[in-house]
Amino acid sequence: MKVQAIKYDPPSFTDELYQRALLLLDTESATKVKKFYRREDACRTLIGRFLPRMLLHAQGIPLKDIKFAATASGKPYFAKPPIAYNVSHDNGLVAMVSSSNTHNPPAFTIGVDVMKVRVPGREPFKSFVKTMSEQLTTLELRLVSSATNEKQGLEYFFWIWTAKEAYTKALGLGLGFDFRRIEFNPALDVLKVDGAVPKGWQLNKFTIMQGTDLYQGVVAEFVGGEETTVVAESGPHDWLEVIDATVFIQEAIQGLGSQ
Ligand SMILES: CC(C)(COP(=O)(O)OP(=O)(O)OC[C@H]1O[C@@H](n2cnc3c(N)ncnc32)[C@H](O)[C@@H]1OP(=O)(O)O)[C@@H](O)C(=O)NCCC(=O)NCCS
């Protein structure tokens, strides 16, 4: 399993870079990117489209040989070659997980979610938690509300949220799955679905600093077997690579443009 995280800083991502990159995308992807009103949203999606293309480029597979498809619930996958991946983006970060997972082709049971740790808008923390409470289990709500301080409460909330998103994205369902059926205990790192620990899952937590902003991310992958493990965010993550967006897109233009 490997995670590539692209740090996106809007002021340093020039219009010229954006336009040159756009020319290398297929019509469907370029149309989706151009539909965004805000350039920042367009750039995040653009970067997210280049990540799987560069993954295969690094394996010597040219653009013309890549075929993309999506499941009925919208999960994108490679129709050719069959390699598991999933993408997530939020604010200044775009991340892709890829793996040699062979469970449930063609979309495979793998998902990633990244989020910037902050209260969105100007809402106070308490009212934010109240707004989100319908998506939380009783235990999750108690952990978030009784955290020692707001910082810990927010971090707990985003571990819970990214774990739920990563798990449902792995299933390919996203918000189509009732989030209250999933319970993630961020204090003990325990995942439960419908009240029991599901068998054969691996969750990997990670954090990334983008300037002064903290991002939390979770990869959820069905690996088979009886056990389910949650790997904490601390400790060495040799599977995590962090790259600057301008460097990444310049390399993509160079690599894919010369094909
Ligand atoms: C798609 C969805 C999972 C995205 O979650 P999010 O946290 O808002 O956004 P993220 O940045 O983490 O992920 C977005 C990426 O996930 C991928 N994605 C899209 N649909 C997906 C799905 N069903 N499952 C897994 N991954 C999906 C795409 O690569 C997408 O990137 P793009 O929008 O640039 O193409 C969420 O919006 C959702 O659940 N949508 C509705 C799906 C649904 O309800 N289907 C109904 C049938 S069950």
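Two strands are said to pair if DSSP finds at least two bridges between them, and the strands themselves (E, at least two residues), like the helices (H or I, at least four residues), are DSSP runs numbered from the N terminus. The structure is a predicted model, in which local features need pLDDT of at least 70 and side-chain atom pairs count only at pLDDT 80 or more, while totals for chains, interfaces and linings use all residues. Residues are numbered from 1 along each chain as its sequence is written.

**Exercise 1. Describe the two hairpins and find the residue with a positive phi in each turn.**

Solution. Begin with strand S7 (residues 182-185) and strand S8 (residues 190-193), which run antiparallel and are joined by four bridges; within this pair, Asn185 stands opposite Val190. Four residues lie between the strands of this hairpin, and Asp189 takes a positive phi near 55 degrees. Next, take strand S2 (residues 67-70) and strand S3 (residues 76-80), which also pair in the antiparallel sense over four bridges, with Pro76 in S3 as the bridge partner of Ala70. Here five residues separate the strands, and the residue in the turn with a positive phi, about 95 degrees, is Gly74.

**Exercise 2. Determine the strand order of the open sheet that contains S1, and state which helix packs on this sheet.**

Solution. The order of the four strands is S4-S5-S1-S12, and the pairing is mixed. The edges are strand S4 (84-90) and strand S12 (240-244), each of which pairs on one side only. Neighbouring strands are turned by 15 degrees against each other on average, direction ignored, where the axes are lines fitted to C-alpha atoms, for helices over the stretch in contact, and angles run from 0 to 180 degrees between N-to-C directions. Inside the sheet, strand S1 (residues 2-7) and strand S5 (residues 93-99) pair in the antiparallel sense over six bridges, and Val3 stands opposite Val97 in S5. Helix H7 (residues 245-257) packs on the sheet and touches S1 and S12, its direction making about 85 degrees with that of S12; contact between two residues requires that their C-beta atoms, placed from the backbone, lie within 7 Å.

**Exercise 3. Work out the order of the open sheet that contains S6, and say which helix lies across S6, S9 and S10.**

Solution. The four strands follow the order S6-S10-S9-S11, with mixed pairing, and the edge strands are S6 and strand S11 (229-231). S6 pairs with strand S10 (residues 213-222) in the antiparallel sense over seven bridges, and Tyr215 in S10 is the bridge partner of Lys116. Helix H6 lies across S6, strand S9 (201-210) and S10, and runs at about 150 degrees to S6.

**Exercise 4. Identify which residues touch the most other members of the largest nonpolar core, and then examine Lys169 of helix H6.**

Solution. A nonpolar core is a set of buried Ala, Val, Leu, Ile, Met, Phe, Trp, Tyr and Cys residues joined through C-beta atoms within 7 Å; a residue is buried if 20 or more other C-beta atoms lie within 10 Å of its own, exposed if 12 or fewer, and partly exposed in between. The largest core has 63 residues, of which Ile47 and Ala163 touch the most other members, and its largest share, eleven residues, comes from H6. Leaving aside neighbours within four places in sequence, Ala163 is in contact with Phe184, Leu191, Leu203 and Val218. Lys169, also placed in H6, is buried because 26 other C-beta atoms lie within 10 Å. Not counting residues up to four places away in sequence, Lys169 touches Asn86, Gly111, Val112, Asp113 and Gly174.

**Exercise 5. Locate the cis peptide bonds that precede Pro81 and Pro106, and compare the burial of Asn91 with that of Phe108.**

Solution. As background, most residues other than glycine have a negative phi, and most peptide bonds are trans. A cis bond joins Lys80 and Pro81, with omega about -5 degrees, and Pro81 is in the loop between S3 and S4. Another cis bond joins Pro105 and Pro106, with omega about 5 degrees, and Pro106 is in the loop between S5 and S6. Asn91, in the loop between S4 and S5, has a positive phi of about 50 degrees, and Asn91 is partly exposed because 17 other C-beta atoms lie within 10 Å. Phe108, in the loop between S5 and S6, has a positive phi near 60 degrees, but counts as buried because there are 25 C-beta neighbours inside 10 Å.
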